[in-house]
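This report describes selected packing and void features of a protein model for the bench biochemist. The sequence and the structure are shown first, and the description follows.

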Amino acid sequence: MLNEQDYMLLAAKGITEQQLNQQLADLRAGFPFLELSAAASLENGGIYAPTPEVRKAYLRAWQDYVSNVEHEVVKFVPASGAASRMFKDLYAFLDGESNIPDTDFVKIFFENLPRAAFLQDLDCKLEELHGKSSAQLVEEGDFKSVVAGLLGTRGLNYGRLPKGLLKFHRYESESSRTPFEEHLVEGALYAKNAEGRVQLHFTVSPEHRSLFETLASAASKKFGELYKAQYEISFSEQKSSTDTIAANADGTPFRNADGSLLFRPGGHGALIENLNDIDADVIFVKTIDNVSPDSLKAQTVENKQLLAGLLVSLQARTFAYLEELEDGNVSEERMQEMLHFLENDLHCQSDTAAELEGLELLDYLYTRLNRPIRVCGMVRNVGEPGGGPFIVYNADGSISLQILESSQIDMSDPDKKRLFEEGTHFNPVDLVCGVRDFAGEKFHLPDFVDPNTGFISHKSKDGKELLALELPGLWNGAMSDWNTVFVEVPLATFNPVKTVNDLFRSEHQL
């Protein structure tokens, strides 16, 4: 039963009672596991590895595409994630009884601290607080003051800032760069049009937006001069209408101590709404912490251009077919060619398609081809946690390429578990998206979400257990009904920072 306060909260968030009831029903019923056909691989054609000559053709295709100033290209970066998890082990040390490093993680941190990109900022703050540098405090055995200076609110406050605003890379010729700045550099190297315009969009949390905007103002001037680019940087926040209701174990709405309903952010799948608001033809998607210093950018840039060149090449062919289908005067032979393209290039297959002919086949091809398209880079699996590329059965019996998380697979089924473990590649979140149709109109991206691919997790609030609902992930179920192509890219293009010690890996050092 909802009360007047509940209805006011729903109205303020832009959530209907019907949506609320559907979310509660999902929390009670859960989500079905997805049916796997196979792990996508090079061997079964699910992952594509272009030859050197073909790579050159796709690189040229992308250069030709961006040379046309009418084409709108945007780099989209989810950047609201807090950095607190990066420092979990340092927080444990700070709260522990030992005053000296007592774990391998903390020992590695202090051994490598002189190489940290944030060292100069940290030393300035420590001099202000204690009149001593990090090296002096370490020599005196005052390790906790160093950690507090890095994480605390009186220090650099790194524990409460988003990853995008932390110093990741140190350069000899300039001050250290944040991931935000590295994305600006990347954008200039593969998303700049013939007029020198570079468009970037960052999704941020409300409390950090002003910090991002301040940095954007200074960085766009600095890198604009360096790379002869005119930056257009925009920001958005996760919409409150994408929040999801929390539930008690019995599926009833969870209420706060004051009796109000508890809503939680819907996860990165909520960002499909932000992506839908972007007015562009091609959108690059990449996470904020997966960046490299300049010394390693060449491979990243080339492979981004490769993915984009393949995208626009597939898109051009798709559009040509759709224009013919729209006209309606298409021979059976031509439609069989289109079906071959759909099944072999876009990897969308259906046993019933072979039996179709005439208008039924035309309608099938039109429906299947007239969708957003994405080309996704995939790296060799090296044991990183997260999703991977699979060939999956859809509700209509067809199969297509999907990025799945382990929680979407029934691991209690030995056959499903085996298919999952046979995965050779990993999803680094390296996407290039085509979001307009053949007539130049924007697709309404929420129409292509599979609502049955959400996630349920167990959380707690005020000492009470609750069920939390996450919307279908941005590159998972939120793009389930897109046409998808997987391409193998080098592991060197994937350099995420999950802990502060990752910054000391060779790929994040000069």
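## Pockets, cavities and packing

In the lining of the second largest pocket, 10 residues are nonpolar, nine are polar and four are charged. The model in which this pocket is found is a predicted one. The second largest pocket has a volume of about 600 Å³. Its lining is formed by 23 residues, and those closest to the centre of the pocket are Gln 19, Gln 23, Pro 451, Leu 471 and Pro 472. Three elements each contribute two or more residues to this lining: helix H2 (17-29), helix H11 (272-276) and strand E15 (464-470). Of the elements, H2 gives the most, with four residues.

Enclosed space is also present, as three cavities of 30 Å³ or more are counted. The largest cavity holds about 70 Å³ of space. A total of 13 residues line the largest cavity, and Thr 318, Phe 319, Leu 369, Arg 371 and Ile 373 lie nearest its centre. Helix H12 gives the most to this lining, with four residues. The table sets out the residue classes of the two linings.

| Lining | Nonpolar | Polar | Charged |
|---|---|---|---|
| Second largest pocket | 10 residues | nine residues | four residues |
| Largest cavity | six residues | four residues | three residues |

Helix H12 (residues 297-327) also packs against helix H3 (residues 52-66), at an angle of about 80 degrees and with the axes 7 Å apart. H3 is therefore roughly perpendicular to H12, since angles of 65 to 115 degrees are classed in this way. On the H3 side, the contact is made by Arg 55, Tyr 58, Leu 59, Ala 61, Trp 62, Gln 63 and Tyr 65. These residues meet a set in H12 that consists of Glu 302, Asn 303, Gln 305, Leu 306, Ala 308, Gly 309, Leu 310, Val 312 and Ser 313. By class, the contact of H3 with H12 comprises nine nonpolar, five polar and two charged residues.

A further site of interest is Phe 110, which is found in helix H5 (residues 104-112). Is Phe 110 buried or exposed? Its relative accessible area is 11%, so Phe 110 is buried, the cut-off for that class being under 20%. Apart from neighbours within four places in sequence, Phe 110 is in contact with Phe 93, Pro 101, Val 138, Phe 143, Val 146 and Val 147. Asp 450 lies 340 residues from Phe 110 in sequence, and the two are 46 Å apart in space, C-alpha to C-alpha.

How values were computed: Residues are numbered from 1 along each chain as its sequence is written. This is a predicted model: local features need pLDDT of at least 70, side-chain atom pairs count only at pLDDT 80 or more; totals for chains, interfaces and linings use all residues. Side-chain values use heavy atoms; hydrogens and water are left out. Axes are lines fitted to C-alpha atoms, for helices over the stretch in contact, and angles run from 0 to 180 degrees between N-to-C directions. Angles under 35 degrees count as roughly parallel, over 145 as roughly antiparallel, 65 to 115 as roughly perpendicular and the rest as oblique. Contact means heavy atoms within 4.5 Å. Ala, Val, Leu, Ile, Met, Phe, Trp, Tyr, Cys and Pro count as nonpolar, Asp, Glu, Lys and Arg as charged, and the others, Gly among them, as polar. On a 1 Å grid over the protein atoms alone, a cavity is a set of points where a 1.4 Å probe fits but cannot get out, and a pocket is an open set with protein on both sides within 12 Å along at least five of seven lines; lining residues have an atom within 4 Å of a point. Grid points are joined across faces, edges and corners, and a volume is the space filled by probe spheres set on the points. Buried means under 20% relative accessible area, exposed over 50%, partly exposed in between (1.4 Å probe, protein chains only).
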